[in-house]
Amino acid sequence: MPKISRFNKAFPYIILLSFIVLFNCKSDDDTPITIEPEIEETPLNITENIELIDESAIQLGYILAIENGADTSYLIDKGGNKIKQWNFDSNLGNDIKLLPDGTLLGMFKTNTPSFTLGGYGGVIKIINSDSQTIYEYNYSDDIVLAHHDVKQLPNGNFLFIAWQKVDNAVAIANGFNNSNDIFPETLVEIDPTTDQIVWKWNSMDHIVQDHDNSKLNYNNVNDNPQLIDVNYNSTIANGDIMHANGIDYDPIKDIIYLSINFYSRSLGNRP
């Protein structure tokens with residue numbers, strides 16, 4: 001059954017790809033990425049795993065590769081040869097990407113997480129071509145923890161996914177049907193020039209439940225496809241009831257897409 005979340009009246013449309021959220025922000029033109037190659041004398045030991053079916057169909061350019069959860073990232077060409085390598089001073093979370101100016105924007109693991117779930121990060125960094133950290137933002141404490149994906153918006157701000165801990169007593173008061181804390185998703189936008197949070201969306205503000213009519217948010221789930229059924233995955237023991245994996249921004253439709261792993265289906269259409 002459809003279970004999606006709606007923004008406030010300023011954000012009236014929802015689309016889902018497993019679970020997709022819309023967000024309205026400014027749009028600018030993209031700037032091409034320029035990278036100065038640093039050709040390695042020896043190729044990566046992966047060429048034997050590359051099979052070229054139709055060389056004419058392969059686009060020119062490099063591939064950004066990571067060692068998941070490790071401290072290395074590199075560019076390779078289509079033949080499997082290493083072009084450039086970055087070495088980091090901390091381990092990657094689950095996302096890193098090239099920005100238009102050739103620096104890397106990535107989600108890195110905090111050294112002191114208060115809780116850990118699959119794909120946790122906590123620290124957003126920008127890395128220059130010399131593997132030096134030139135920007136760092138920490139979003140990790142006893143209650144919140146950034147994870148998985150981070151995206152630079154056309155206005156220059158950073159948008160990322162985070163868990164926000166909800167104590168079990170609060171969860172039960174909101175109609176949750178289990179005896180553990182939960183970690184629903186939030187979206188956070190920060191201005192990297194000031195490190196201020198300029199916008200935040202919390203999934204707990206958009207829930208529905210049909211478990212207990214004496215608790216908050218009670219209603220018919222089927223009649224409220226614009227809301228999130230807080231008990232859709234209530235039996236998950238670690239409380240990671242949604243588990244977002246990725247976000248993306250569509251400048252044409254002015255939409256943010258948020259993919260929720262544990263919903264695992266497309267659940268809506270744009271009006």
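**Close-up 1. Phenylalanine 160 and its ring partner, tyrosine 137.** In this predicted model, phenylalanine 160 has a relative accessibility of 0% and so counts as buried. Tyrosine 137 counts as buried too, at 10% relative accessibility. The ring centres of tyrosine 137 and phenylalanine 160 are 6.3 Å apart, and because their planes meet at 55°, the pair is tilted. Follow the chain and you will find tyrosine 137 in strand 7 and phenylalanine 160 in strand 9, so this pair ties together parts that lie 23 residues apart in sequence. Look for Tyr139 here as well: ring pairs join Tyr137, Tyr139 and Phe160 into a cluster.

**Close-up 2. An edge-to-face pair, tyrosine 135 with phenylalanine 158.** The count of aromatic pairs comes to 5. In one of them, tyrosine 135 and phenylalanine 158 meet edge-to-face, with 5.9 Å from centre to centre and 70° between the planes. This pair links distant parts of the chain, since tyrosine 135 belongs to strand 7 (residues 133-138) and phenylalanine 158 to strand 9, 23 residues apart. Phenylalanine 158 is buried, with a relative accessible area of 1%, and tyrosine 135 counts as buried at 13% relative accessibility.

**Close-up 3. Two separate nonpolar cores.** As background, nonpolar side chains in soluble globular proteins tend to be buried together. The largest nonpolar core here holds 23 residues, and the members that touch the most others are Leu159, Ile182, Leu187, Val230 and Leu258. Strand 9 (158-164), strand 11 (196-202), strand 14 (244-250) and strand 15 (255-260) are the elements that each give two or more residues to this core. A second, separate core has 16 residues, including Met107, Tyr135, Ala162 and Val188.

**Close-up 4. An open sheet of 3 strands.** The strands of this open sheet run in the order 1-2-3, with antiparallel pairing. Strand 1 (63-66) and strand 3 (82-87) are the edge strands, each pairing on one side only. On average, neighbouring strands of the sheet are turned by 20° against each other, direction ignored. Between strand 1 and strand 2 (residues 72-76), the antiparallel pairing spans 4 bridges. To get your bearings, find isoleucine 63, which stands opposite isoleucine 76 in strand 2.

**Close-up 5. Lysines over aromatic rings.** Where does the charged end of lysine 84 sit? You will find it over the ring of tryptophan 86, 5.3 Å from the ring centre. Likewise, lysine 125 has its charged end over the ring of phenylalanine 108, 5.2 Å from the centre of that ring.

Definitions and conventions: Residues are numbered from 1 along each chain as its sequence is written. This is a predicted model: local features need pLDDT of at least 70, side-chain atom pairs count only at pLDDT 80 or more; totals for chains, interfaces and linings use all residues. Side-chain values use heavy atoms; hydrogens and water are left out. Two strands pair if DSSP finds at least two bridges between them. Axes are lines fitted to C-alpha atoms, for helices over the stretch in contact, and angles run from 0 to 180 degrees between N-to-C directions. A nonpolar core is a set of buried Ala, Val, Leu, Ile, Met, Phe, Trp, Tyr and Cys residues joined through side-chain atoms within 4.5 Å. Buried means under 20% relative accessible area, exposed over 50%, partly exposed in between (1.4 Å probe, protein chains only). Rings of Phe, Tyr and Trp (its six-membered ring) pair if their centres lie within 6.5 Å; planes under 30 degrees apart count as stacked, over 60 as edge-to-face and the rest as tilted. A charge sits over a ring if NZ of Lys or CZ of Arg is within 6 Å of the ring centre and within 35 degrees of the ring normal.
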